[in-house]
There are 2 protein chains.
Amino acid sequence: MSRIAIPDGSPFGPDNLPYGVFSTKDGSRRVGVRVGDTVADLSLLLLDPVFAAPTLNPFMAQGPRRWAEARERVRSAIEGPVPKQALHPLQEVRLHMPFQVGDYVDFYASEHHAANLGRLFRPGQDPLMPNWRHLPVGYHGRSGTVVASGTGVIRPCGQRKDPAEAAPTFGPSRRLDIEAELGFVVGAGSVLGERIGVDDFADHVFGAVLVNDWSARDLQAWEYVPLGPHLGKSFATSVSPWVVPLAALEHARVPLPGQIPAPLPYLRGAEDWGLDVDLEVEWNGERVSRPPYREMYWSPAQMLAHLTVNGASTRTGDLFASGTVSGPAKHQRGAFIELTWGGSEPVTVKGEERTFLEDGDTVAITATAPGPGGSRIGFGEVAGTVLPAVES
Amino acid sequence: MSRIAIPDGSPFGPDNLPYGVFSTKDGSRRVGVRVGDTVADLSLLLLDPVFAAPTLNPFMAQGPRRWAEARERVRSAIEGPVPKQALHPLQEVRLHMPFQVGDYVDFYASEHHAANLGRLFRPGQDPLMPNWRHLPVGYHGRSGTVVASGTGVIRPCGQRKDPAEAAPTFGPSRRLDIEAELGFVVGAGSVLGERIGVDDFADHVFGAVLVNDWSARDLQAWEYVPLGPHLGKSFATSVSPWVVPLAALEHARVPLPGQIPAPLPYLRGAEDWGLDVDLEVEWNGERVSRPPYREMYWSPAQMLAHLTVNGASTRTGDLFASGTVSGPAKHQRGAFIELTWGGSEPVTVKGEERTFLEDGDTVAITATAPGPGGSRIGFGEVAGTVLPAVES
């Protein structure tokens with residue numbers, strides 16, 4: 001038996017307890033919880049076969065009462081001595097995609113991001129579309145290319161056309177970008193015809209992850225009318241390995257900055273689902289942005305209520321993400337196209353002037369949120385390195 | 001032992017042999033093949049456990065050589081006497097969703113449809129966007145709401161805004177529509193970074209189904225800028241129960257009508273993947289349209305080549321659909337918004353003037369294609385009935 005040591009000030013203390021899927025050299029994938037810099041094997045700690053599964057889906061499908069009960073059991077278990085074979089130093093395990101993705105929807109919930117992209121993609125027009133303040137605009141992304149943090153991101157090829165060119169050309173993207181986002185994972189789904197009300201959010205959503213929605217801006221700009229982004233986004237979307245349970249974000253819940261005009265009744269709720277999460281974006285190890293999630297216009301509860309108001313069903317493992325998190329200040333922008341204003345205002349990264357991503361670049365997004373008693377709740381990181389295009 | 005009787009002129013003769021998933025009163029879901037009006041249970045006919053699965057996915061994942069071999073074995077088996085317990089009259093079985101959908105992408109490959117919708121959604125502007133003749137425009141739809149033919153379609157609620165209104169209102173869609181499409185099912189997938197060339201289509205695509213992409217035009221018109229359709233489409237997409245193998249469509253392959261300008265090299269191939277499939281749309285039992293698939297501008301091989309040219313991976317069960325099939329003539333339009341010109345030119349259905357769908361309406365889409373020796377290859381039908389909105 002052994003006690004888990006938690007470093008002072010760790011954002012992975014007993015008030016966080018995020019879930020992930022890991023493997024060791026000699027074992028198959030199974031569910032673990034992160035405590036400090038230790039991964040506790042839940043299949044051994046709680047002796048429950050649902051945690052011997054290679055994804056979180058079977059556990060998430062059990063619903064919110066079970067999530068609360070398991071959280072309590074984990075919290076008790078880690079206080080006392082624990083069987084030694086259930087514990088692994090973080091650096092000795094391999095972390096995997098924590099859940100199998102059902103559908104993936106990406107929203108566009110930051111007013112600052114939407115307005116910046118409007119100015120860049122549609123200069124001279126009203127930066128926000130007329131619908132933007134009435135509904136959380138979103139679209140379906142490719143769930144089959146949602147990948148675990150650490151997966152290499154191959155530079156995509158595709159059609160690009162500068163306004164000055166007469167016809168599109170084919171080749172590797174020249175404007176490869178990131179989008180720093182929070183993603184929300186549906187645990188308990190809903191059937192066709194059922195709506196999930198804004199105040200029923202926590203009955204359905206299991207937790208949150210960090211998302212990097214890699215974006216090829218040149219492909220996107222050419223292809224996106226009138227049916228939205230496709231190949232500019234579908235080549236890879238990375239998620240962090242630890243799913244932070246909603247219960248760990250209780251102290252991060254804040255009111256939204258304000259919605260004018262008031263949204264339609266189905267988007268109004270009694271509970272606050274703004275989230276005071278601080279993101280950080282590191283480009284080759286240098287911090288270039290600090291996007292504040294608390295500035296988001298639409299809450300994740302509104303996103304889910306909107307997504308299902310037409311009767312669309314949801315499934316365990318559905319992922320919906322916020323869209324780029326950008327604050328009002330320049331250093332709070334969560335995409336490089338905004339940070340460098342379409343490439344016209346380079347940023348300095350490790351002494352070099354940079355605009356879009358180059359082969360070999362690594363981007364890591366991290367985040368923390370307030371926990372009880374001045375503690376912090378960590379999300380860990382979502383990271384990826386750009387690999388050269390495959391040209392043949 | 002028993003012989004299978006095939007009615008004269010049946011479009012389900014030995015040159016078709018489409019695969020589906022069925023159950024009987026006393027049995028679980030398993031894979032069958034349709035021969036005339038009989039369903040042959042392949043788990044008994046070929047004594048292969050892959051056909052005892054509740055979806056076609058395990059069989060489809062085995063790849064094209066195995067598909068060809070199984071087709072030969074089925075063709076031989078149905079010539080001779082067959083164990084009686086392997087055969088079920090079609091009207092005594094229940095047909096299910098034939099495959100588990102991975103990602104669902106919907107294209108926009110009919111020039112006539114795209115131009116008609118451009119005129120209706122963006123009057124006064126060029127009906128085709130500048131990108132339309134350069135790439136097959138498409139977007140991801142909701143795979144979790146792809147349903148089997150026969151599933152009731154609940155009228156979706158959502159935000160609508162007429163141009164004359166100052167703000168959007170909430171309520172049931174007033175412009176519920178259909179889109180008659182062909183869908184293509186990926187059997188053998190591809191990994192991240194791999195491209196599927198236009199001439200490798202048949203190595204990856206298992207077969208084709210009919211698709212009805214139910215569409216709420218009022219929701220769609222308000223929400224779709226700038227990220228594309230979402231709730232206007234995500235409430236239900238119906239597919240036909242029989243997956244027609246690509247091999248059964250050999251005699252339907254024709255050149256495309258013509259592409260000007262010539263597409264970029266990655267969209268050019270040596271093989272013809274235009275398809276001479278005749279669709280029919282019945283509204284409450286009255287035929288209102290005959291969309292000709294042979295008029296489509298982009299081929300399904302081009303759609304798949306485009307979808308993967310950025311390195312996006314594909315999975316067994318991925319579904320990609322053509323978008324509405326519309327020909328140049330009015331009676332060849334595959335969506336009611338085109339057929340009735342935005343509701344301004346009603347059609348007569350069973351003696352009544354009709355524009356968009358009313359509660360209780362049933363739409364059935366059927367199709368056939370040429371087979372060898374003057375025979376026809378049947379797709380069966382995709383049907384659905386509109387159920388009233390759930391307003392609470």
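**From single residues to the whole model**

At a relative accessibility of 33%, Pro89(B) counts as partly exposed; with a 1.4 Å probe and protein chains only, buried means under 20% relative accessible area, exposed over 50%, and partly exposed in between. Pro89(B) sits in strand β4 (residues 87-89) of chain B. Helices (H or I, at least four residues) and strands (E, at least two) are DSSP runs here, numbered from the N terminus. Along the chain, Pro89(B) and Asp37(B) are 52 residues apart, yet their C-alpha atoms are separated by just 6.3 Å.

A few ground rules go with these values. The model is a predicted one, in which local features need pLDDT of at least 70 and side-chain atom pairs count only at pLDDT 80 or more, while totals for chains, interfaces and linings use all residues. Residues are numbered from 1 along each chain as its sequence is written, chains are lettered from A and ligands numbered from 1 in the order in which they are written, and side-chain values use heavy atoms, with hydrogens and water left out.

Now for the overall picture. Chain A carries eight helices and 26 strands. Its radius of gyration is 21 Å, close to the 21 Å from the globule rule for 392 residues, so chain A is as compact as a globular protein of that length. That radius is taken over C-alpha atoms, and the rule is 2.2 Å times the number of residues to the power 0.38. Along the principal axes, the C-alpha atoms of chain A fill a box of roughly 70 × 50 × 40 Å. Of the 392 residues in chain A, 61% are buried. Contacts in chain A reach across the sequence: among those between residues at least 6 apart, 72% join residues at least 24 apart, where contact means heavy atoms within 4.5 Å.

As for the surface, chain A has an accessible area of about 13700 Å², 51% of it belonging to carbon and sulfur atoms. Areas come from the Shrake-Rupley method with a 1.4 Å probe, and for residues only the protein chains shown count as cover. Chain A holds 35 positive and 45 negative charges, and the mean positions of the two sets are 1 Å apart. In that tally Lys and Arg are positive and Asp and Glu negative, with His and the chain ends not counted; each charge is placed at NZ of Lys, CZ of Arg, CG of Asp or CD of Glu.

How do the two chains relate? In general, two copies of a chain are related by a rotation about an axis and a shift along it. Here, a rotation of 180° with 0.0 Å of shift along its axis superposes chain A on chain B, at an RMSD of 0.0 Å. The two copies are thus related as by a two-fold rotation axis. The superposition is by least squares on the C-alpha atoms of residues with pLDDT of at least 70 in both. Gly228(A) is the residue of chain A that comes closest to the rotation axis, with its C-alpha at 2.0 Å. Both copies use the same surface, as 100% of the contact residues of chain A recur in chain B.

Inside chain A, helix α7 (residues 300-308) has nine of its nine residues buried, so this helix is largely enclosed by the rest of the structure. Among those buried residues are Met303(A), Leu304(A) and His306(A). They pack against several elements of chain A, including β6 (104-107), β13 (180-186), α5 (201-204) and β14 (205-212).

Some backbone oddities turn up too. Two cis peptide bonds in chain B run from Val225(B) to Pro226(B), with omega near -5°, and from Ile260(B) to Pro261(B), with omega near 0°. Pro226(B) lies in the loop between α6 (217-223) and β16 (237-239), and Pro261(B) in the loop between β18 (253-254) and β19 (274-275). Leu17(A), although not a glycine, has a positive phi of about 55°; it is in the segment before β1 (19-23) of chain A and is buried, at 2% relative accessibility. Asn284(B), also not a glycine, has a positive phi of about 50°. Asn284(B) belongs to the loop between β20 (278-283) and β21 (286-289) of chain B and is partly exposed, at 25%.

Back in chain B, Ile6(B) falls in the segment before β1 (19-23) and is partly exposed, at 31%. Leaving out residues up to four places away in sequence, Ile6(B) touches Phe12(B), Gly13(B), Pro14(B), Val35(B) and Gly36(B).
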